[in-house]
Amino acid sequence: MPTPPTLHTPVLPQALLDGLAIDPNGHYLDATLGRGGHSRLILATFPDVRVTGIDLDDEAIATTQGNLSELFGDRLQVWQGNFADYSGKIGEFNGIIADLGVSSPQFDVAERGFSFRHQAPLDMRMNRQQSLTAAEIINHWDQTSLADLFYQYGEERRSRVIARRIVQQRPFETTTALAEAIALCFPPKQRYGRIHPATRVFQALRIAVNDELGSLERFLEKAPHWLKPGGRIGIISFHSLEDRRVKYSFRDSLLLDVVTKKPIIPQAEEQANNPRSRSAKLRFAQRKASEQ
(Lines give C-alpha, C1' and ligand atoms only; values in the text may rest on other atoms or scores of the structure.)
Protein backbone atom coordinates (compact mmCIF):
# COMPACT_ATOMS: atom_id res chain seq x y z
CA MET A 1 0.00 0.00 0.00
CA PRO A 2 1.60 3.33 -1.03
CA THR A 3 2.35 5.91 1.60
CA PRO A 4 0.16 9.01 1.28
CA PRO A 5 2.40 12.02 0.60
CA THR A 6 1.57 13.81 3.84
CA LEU A 7 2.61 10.87 6.04
CA HIS A 8 6.18 10.66 7.27
CA THR A 9 8.41 7.67 6.62
CA PRO A 10 8.19 5.55 9.79
CA VAL A 11 11.41 4.60 11.56
CA LEU A 12 12.26 0.89 11.98
CA PRO A 13 8.98 -0.16 10.35
CA GLN A 14 9.58 -3.89 9.92
CA ALA A 15 11.26 -4.28 13.31
CA LEU A 16 8.28 -2.62 14.95
CA LEU A 17 5.75 -4.86 13.20
CA ASP A 18 7.80 -8.00 13.92
CA GLY A 19 8.18 -7.07 17.56
CA LEU A 20 4.47 -6.40 18.04
CA ALA A 21 3.48 -9.77 16.50
CA ILE A 22 0.18 -8.28 15.30
CA ASP A 23 -3.00 -10.11 16.33
CA PRO A 24 -5.48 -10.24 13.39
CA ASN A 25 -8.25 -9.01 15.71
CA GLY A 26 -6.04 -6.84 17.90
CA HIS A 27 -6.42 -3.33 19.26
CA TYR A 28 -3.25 -1.24 19.35
CA LEU A 29 -2.29 2.10 20.89
CA ASP A 30 -0.09 4.47 18.91
CA ALA A 31 0.85 6.91 21.65
CA THR A 32 2.60 9.30 19.23
CA LEU A 33 0.38 9.31 16.16
CA GLY A 34 2.07 12.17 14.31
CA ARG A 35 1.59 11.82 10.56
CA GLY A 36 0.44 8.23 11.03
CA GLY A 37 3.29 6.24 9.49
CA HIS A 38 3.36 3.51 12.11
CA SER A 39 -0.42 3.39 12.54
CA ARG A 40 -0.84 2.94 8.80
CA LEU A 41 1.49 -0.07 8.87
CA ILE A 42 -0.38 -1.67 11.77
CA LEU A 43 -3.80 -1.09 10.23
CA ALA A 44 -2.64 -2.53 6.90
CA THR A 45 -1.63 -5.89 8.40
CA PHE A 46 -5.14 -7.36 8.84
CA PRO A 47 -8.64 -6.09 7.96
CA ASP A 48 -9.94 -6.20 11.55
CA VAL A 49 -7.01 -4.59 13.37
CA ARG A 50 -7.89 -1.37 15.22
CA VAL A 51 -5.68 1.51 16.38
CA THR A 52 -6.21 4.25 18.92
CA GLY A 53 -3.88 7.16 18.20
CA ILE A 54 -2.74 9.94 20.54
CA ASP A 55 -1.19 13.27 19.62
CA LEU A 56 -0.89 16.77 21.06
CA ASP A 57 -0.70 18.53 17.70
CA ASP A 58 -4.08 19.52 16.28
CA GLU A 59 -2.68 19.89 12.76
CA ALA A 60 -1.14 16.42 12.85
CA ILE A 61 -4.40 14.91 14.04
CA ALA A 62 -6.48 16.62 11.37
CA THR A 63 -4.10 15.61 8.57
CA THR A 64 -3.59 12.03 9.71
CA GLN A 65 -7.18 11.32 10.60
CA GLY A 66 -8.23 12.60 7.19
CA ASN A 67 -5.71 10.44 5.35
CA LEU A 68 -6.16 7.24 7.33
CA SER A 69 -9.94 7.39 7.56
CA GLU A 70 -10.06 7.25 3.76
CA LEU A 71 -7.98 4.07 3.86
CA PHE A 72 -9.21 2.35 7.00
CA GLY A 73 -12.53 3.93 7.98
CA ASP A 74 -13.36 3.92 11.69
CA ARG A 75 -10.64 1.39 12.57
CA LEU A 76 -8.60 4.42 13.66
CA GLN A 77 -9.82 6.40 16.67
CA VAL A 78 -7.94 9.51 17.82
CA TRP A 79 -7.50 11.15 21.22
CA GLN A 80 -5.89 14.62 21.41
CA GLY A 81 -3.61 15.29 24.35
CA ASN A 82 -0.38 14.30 26.07
CA PHE A 83 0.11 10.54 26.14
CA ALA A 84 0.99 10.84 29.84
CA ASP A 85 -2.57 12.09 30.50
CA TYR A 86 -4.35 9.32 28.61
CA SER A 87 -6.65 7.14 30.73
CA GLY A 88 -6.42 3.70 29.21
CA LYS A 89 -8.33 0.75 30.55
CA ILE A 90 -6.62 -2.19 32.23
CA GLY A 91 -5.89 -4.89 29.64
CA GLU A 92 -7.30 -2.82 26.77
CA PHE A 93 -4.55 -3.20 24.14
CA ASN A 94 -2.73 -6.04 22.39
CA GLY A 95 0.22 -3.72 21.85
CA ILE A 96 1.46 -0.19 22.45
CA ILE A 97 3.97 1.85 20.47
CA ALA A 98 5.57 5.27 20.87
CA ASP A 99 8.01 7.07 18.56
CA LEU A 100 9.57 9.78 20.72
CA GLY A 101 11.06 11.77 17.85
CA VAL A 102 9.70 15.15 16.83
CA SER A 103 7.81 14.76 13.55
CA SER A 104 9.47 16.12 10.42
CA PRO A 105 6.61 18.53 9.60
CA GLN A 106 7.09 20.25 12.96
CA PHE A 107 10.73 20.88 12.07
CA ASP A 108 9.89 21.93 8.54
CA VAL A 109 7.21 24.50 9.45
CA ALA A 110 9.34 27.51 10.31
CA GLU A 111 6.90 29.28 12.63
CA ARG A 112 6.85 26.31 15.01
CA GLY A 113 10.38 27.33 16.06
CA PHE A 114 11.83 23.84 16.51
CA SER A 115 14.72 24.29 14.11
CA PHE A 116 17.46 26.83 13.56
CA ARG A 117 17.45 26.02 9.84
CA HIS A 118 14.79 28.71 9.44
CA GLN A 119 14.45 32.16 10.97
CA ALA A 120 11.44 31.78 13.24
CA PRO A 121 10.08 32.80 16.63
CA LEU A 122 11.48 30.89 19.60
CA ASP A 123 8.41 28.75 20.20
CA MET A 124 8.89 24.91 20.24
CA ARG A 125 5.46 24.13 21.70
CA MET A 126 3.95 20.85 20.55
CA ASN A 127 0.73 21.93 22.22
CA ARG A 128 0.21 25.50 21.09
CA GLN A 129 -2.42 26.09 23.77
CA GLN A 130 0.18 26.08 26.54
CA SER A 131 1.88 29.29 27.66
CA LEU A 132 5.54 28.24 28.13
CA THR A 133 7.72 28.82 25.06
CA ALA A 134 11.43 28.64 24.33
CA ALA A 135 11.51 32.44 24.26
CA GLU A 136 10.22 32.56 27.85
CA ILE A 137 13.01 30.26 28.99
CA ILE A 138 15.81 31.96 27.05
CA ASN A 139 14.83 35.51 27.94
CA HIS A 140 13.71 35.12 31.56
CA TRP A 141 15.41 32.19 33.26
CA ASP A 142 18.52 33.07 35.28
CA GLN A 143 21.99 32.08 34.16
CA THR A 144 22.40 29.13 36.54
CA SER A 145 19.05 27.65 35.57
CA LEU A 146 19.88 27.95 31.89
CA ALA A 147 23.28 26.30 32.36
CA ASP A 148 21.74 23.44 34.33
CA LEU A 149 19.07 22.96 31.66
CA PHE A 150 21.58 22.81 28.80
CA TYR A 151 23.78 20.37 30.72
CA GLN A 152 21.06 18.06 32.02
CA TYR A 153 18.74 17.93 29.00
CA GLY A 154 21.21 18.67 26.22
CA GLU A 155 24.32 17.06 27.74
CA GLU A 156 26.12 20.21 26.59
CA ARG A 157 29.59 20.48 28.14
CA ARG A 158 29.89 24.22 27.38
CA SER A 159 26.60 24.92 29.12
CA ARG A 160 27.93 27.61 31.47
CA VAL A 161 29.71 29.55 28.73
CA ILE A 162 26.60 29.44 26.56
CA ALA A 163 24.29 30.48 29.40
CA ARG A 164 26.53 33.45 30.23
CA ARG A 165 26.55 34.67 26.63
CA ILE A 166 22.77 34.32 26.35
CA VAL A 167 22.18 36.36 29.49
CA GLN A 168 24.62 39.03 28.29
CA GLN A 169 23.03 39.34 24.83
CA ARG A 170 19.33 38.73 25.40
CA PRO A 171 16.57 39.31 24.56
CA PHE A 172 16.49 36.88 21.64
CA GLU A 173 13.51 36.77 19.34
CA THR A 174 14.42 34.25 16.64
CA THR A 175 15.86 30.76 16.36
CA THR A 176 18.65 31.85 14.02
CA ALA A 177 19.83 34.69 16.29
CA LEU A 178 20.05 32.29 19.23
CA ALA A 179 21.86 29.65 17.18
CA GLU A 180 24.43 32.23 16.00
CA ALA A 181 25.11 33.36 19.56
CA ILE A 182 25.59 29.76 20.68
CA ALA A 183 27.96 29.01 17.80
CA LEU A 184 30.21 31.89 18.86
CA CYS A 185 30.80 30.09 22.17
CA PHE A 186 32.78 27.42 20.30
CA PRO A 187 36.23 27.55 18.67
CA PRO A 188 36.05 28.34 14.93
CA LYS A 189 36.85 24.76 13.88
CA GLN A 190 33.82 23.46 15.80
CA ARG A 191 31.33 25.93 14.35
CA TYR A 192 31.05 24.33 10.92
CA GLY A 193 31.05 20.61 11.59
CA ARG A 194 28.42 18.04 10.66
CA ILE A 195 26.50 18.78 13.87
CA HIS A 196 25.67 22.44 14.49
CA PRO A 197 26.92 23.73 17.88
CA ALA A 198 23.38 24.79 18.84
CA THR A 199 21.89 21.31 18.40
CA ARG A 200 22.17 20.20 22.03
CA VAL A 201 20.84 23.49 23.41
CA PHE A 202 17.84 23.34 21.08
CA GLN A 203 17.21 19.76 22.19
CA ALA A 204 17.28 20.88 25.82
CA LEU A 205 14.86 23.72 25.17
CA ARG A 206 12.42 21.47 23.31
CA ILE A 207 12.48 18.91 26.12
CA ALA A 208 11.88 21.59 28.75
CA VAL A 209 9.13 23.42 26.87
CA ASN A 210 7.17 20.21 26.36
CA ASP A 211 8.11 18.42 29.61
CA GLU A 212 9.13 15.50 27.43
CA LEU A 213 11.03 13.49 30.04
CA GLY A 214 8.43 14.00 32.75
CA SER A 215 5.68 12.98 30.34
CA LEU A 216 7.65 9.93 29.25
CA GLU A 217 8.15 8.79 32.84
CA ARG A 218 4.44 9.12 33.61
CA PHE A 219 3.54 7.26 30.44
CA LEU A 220 5.99 4.43 31.14
CA GLU A 221 4.52 4.00 34.61
CA LYS A 222 0.92 3.74 33.35
CA ALA A 223 1.19 2.02 29.97
CA PRO A 224 2.00 -1.55 31.11
CA HIS A 225 -1.36 -1.71 32.88
CA TRP A 226 -3.14 -1.09 29.55
CA LEU A 227 -1.65 -4.21 27.94
CA LYS A 228 -3.37 -7.56 27.72
CA PRO A 229 -1.32 -10.51 29.05
CA GLY A 230 1.28 -11.28 26.40
CA GLY A 231 0.84 -7.85 24.79
CA ARG A 232 3.96 -5.92 23.86
CA ILE A 233 5.09 -2.33 24.21
CA GLY A 234 7.70 -0.91 21.82
CA ILE A 235 9.35 2.48 22.32
CA ILE A 236 11.58 4.22 19.77
CA SER A 237 13.88 6.80 21.37
CA PHE A 238 16.36 9.18 19.78
CA HIS A 239 18.76 10.21 22.53
CA SER A 240 20.29 8.70 25.64
CA LEU A 241 18.08 10.60 28.09
CA GLU A 242 14.99 8.88 26.68
CA ASP A 243 16.60 5.51 26.05
CA ARG A 244 17.87 5.19 29.63
CA ARG A 245 14.40 5.88 31.00
CA VAL A 246 12.83 3.30 28.71
CA LYS A 247 15.50 0.70 29.48
CA TYR A 248 15.24 1.02 33.26
CA SER A 249 11.45 1.30 33.27
CA PHE A 250 11.11 -1.97 31.34
CA ARG A 251 13.73 -3.68 33.48
CA ASP A 252 12.26 -2.58 36.82
CA SER A 253 8.58 -3.10 36.00
CA LEU A 254 6.73 -5.80 37.94
CA LEU A 255 4.34 -6.19 35.01
CA LEU A 256 6.80 -6.57 32.12
CA ASP A 257 9.44 -8.95 30.82
CA VAL A 258 12.20 -7.39 28.73
CA VAL A 259 12.20 -8.71 25.15
CA THR A 260 15.16 -6.77 23.71
CA LYS A 261 18.26 -7.05 25.89
CA LYS A 262 19.94 -4.57 23.54
CA PRO A 263 18.09 -1.95 21.50
CA ILE A 264 17.25 -2.55 17.87
CA ILE A 265 18.90 0.03 15.60
CA PRO A 266 18.37 0.82 11.91
CA GLN A 267 20.45 -0.99 9.32
CA ALA A 268 22.74 0.98 7.01
CA GLU A 269 20.22 0.94 4.15
CA GLU A 270 17.48 2.52 6.27
CA GLN A 271 19.89 5.12 7.64
CA ALA A 272 20.86 6.07 4.09
CA ASN A 273 17.25 6.28 2.90
CA ASN A 274 15.91 7.98 6.04
CA PRO A 275 18.60 10.05 7.81
CA ARG A 276 16.14 10.79 10.63
CA SER A 277 16.48 7.15 11.70
CA ARG A 278 20.22 7.27 12.41
CA SER A 279 19.98 7.74 16.16
CA ALA A 280 16.85 5.63 16.68
CA LYS A 281 16.76 2.84 19.27
CA LEU A 282 13.82 0.47 19.65
CA ARG A 283 13.16 -1.52 22.82
CA PHE A 284 10.38 -4.02 23.49
CA ALA A 285 8.88 -5.48 26.63
CA GLN A 286 6.01 -7.93 27.08
CA ARG A 287 3.17 -7.98 29.61
CA LYS A 288 3.50 -10.93 31.97
CA ALA A 289 0.73 -13.50 32.12
CA SER A 290 -0.01 -12.42 35.69
CA GLU A 291 1.27 -9.75 38.07
CA GLN A 292 4.16 -10.93 40.22
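Two strands count as paired if DSSP finds at least two bridges between them, and strands themselves are DSSP runs of E with at least two residues, while helices are runs of H or I with at least four residues, all numbered from the N terminus. This is a predicted model, in which local features need pLDDT of at least 70 and side-chain atom pairs count only at pLDDT 80 or more, while totals for chains, interfaces and linings use all residues. Residues are numbered from 1 along each chain as its sequence is written, and side-chain values use heavy atoms, with hydrogens and water left out.

**Exercise 1. Find the residues that stand opposite Ala285 in strand 7, and describe the pairing around them.**

Step 1. Start with strand 5: Ile233 stands opposite Ala285. Strand 5 and strand 7 run antiparallel and are joined by six bridges.

Step 2. Turn to strand 6, where Val258 stands opposite Ala285. Strand 6 and strand 7 (residues 281–287) are also antiparallel, with three bridges. Asp257 faces Gln286 of strand 7.

Step 3. Check the surroundings of strand 7: five of its seven residues are buried, so the strand is mostly covered (buried means under 20% relative accessible area, exposed over 50%, partly exposed in between, with a 1.4 Å probe and protein chains only).

**Exercise 2. Work out the strand order of the sheet and which strands stand at its edges.**

Step 1. The open sheet has seven strands in the order 3-2-1-4-5-7-6, with mixed pairing.

Step 2. Strand 3 (76–80) and strand 6 (256–258) each have a single partner strand, so one side of each lacks a neighbour in the sheet.

Step 3. From one strand to the next, the twist averages 20° (axes are lines fitted to C-alpha atoms, for helices over the stretch in contact, and angles run from 0 to 180 degrees between N-to-C directions).

Step 4. Now add the helices. Helix 1 (residues 13–20) packs on the sheet, touching strand 1, strand 4, strand 5 (227–237) and strand 7, and its direction makes about 10° with that of strand 7. Contact here means heavy atoms within 4.5 Å. Helix 11 (residues 240–252) packs on the sheet too, touching strand 5, strand 6 and strand 7, at about 20° to the direction of strand 7.

**Exercise 3. Place Gly26 in the fold and list its contacts beyond four places in sequence.**

Step 1. Gly26 lies in the loop between helix 1 and strand 1.

Step 2. With a relative accessible area of 0%, Gly26 is buried.

Step 3. Its contacts are Asp48, Val49, Arg50 and Asn94. The C-alpha atoms of Gly26 and Asp48 are 7.5 Å apart, although 22 residues separate them along the chain.

**Exercise 4. Locate Gly36 and Asp99, two residues of the UniProt "binding site" annotation.**

Step 1. The annotation comes from an unreviewed entry and covers Gly36, Gly37, His38, Asp55, Phe83, Asp99 and Gln106. UniProt positions are given in the numbering used here, feature names are shortened, and annotations may be inferred rather than shown by experiment.

Step 2. Gly36 is in the loop between strand 1 (27–30) and helix 2 (37–43), and counts as buried at 0% relative accessibility.

Step 3. Asp99 belongs to strand 4 (residues 93–99) and is buried at 7% relative accessibility.
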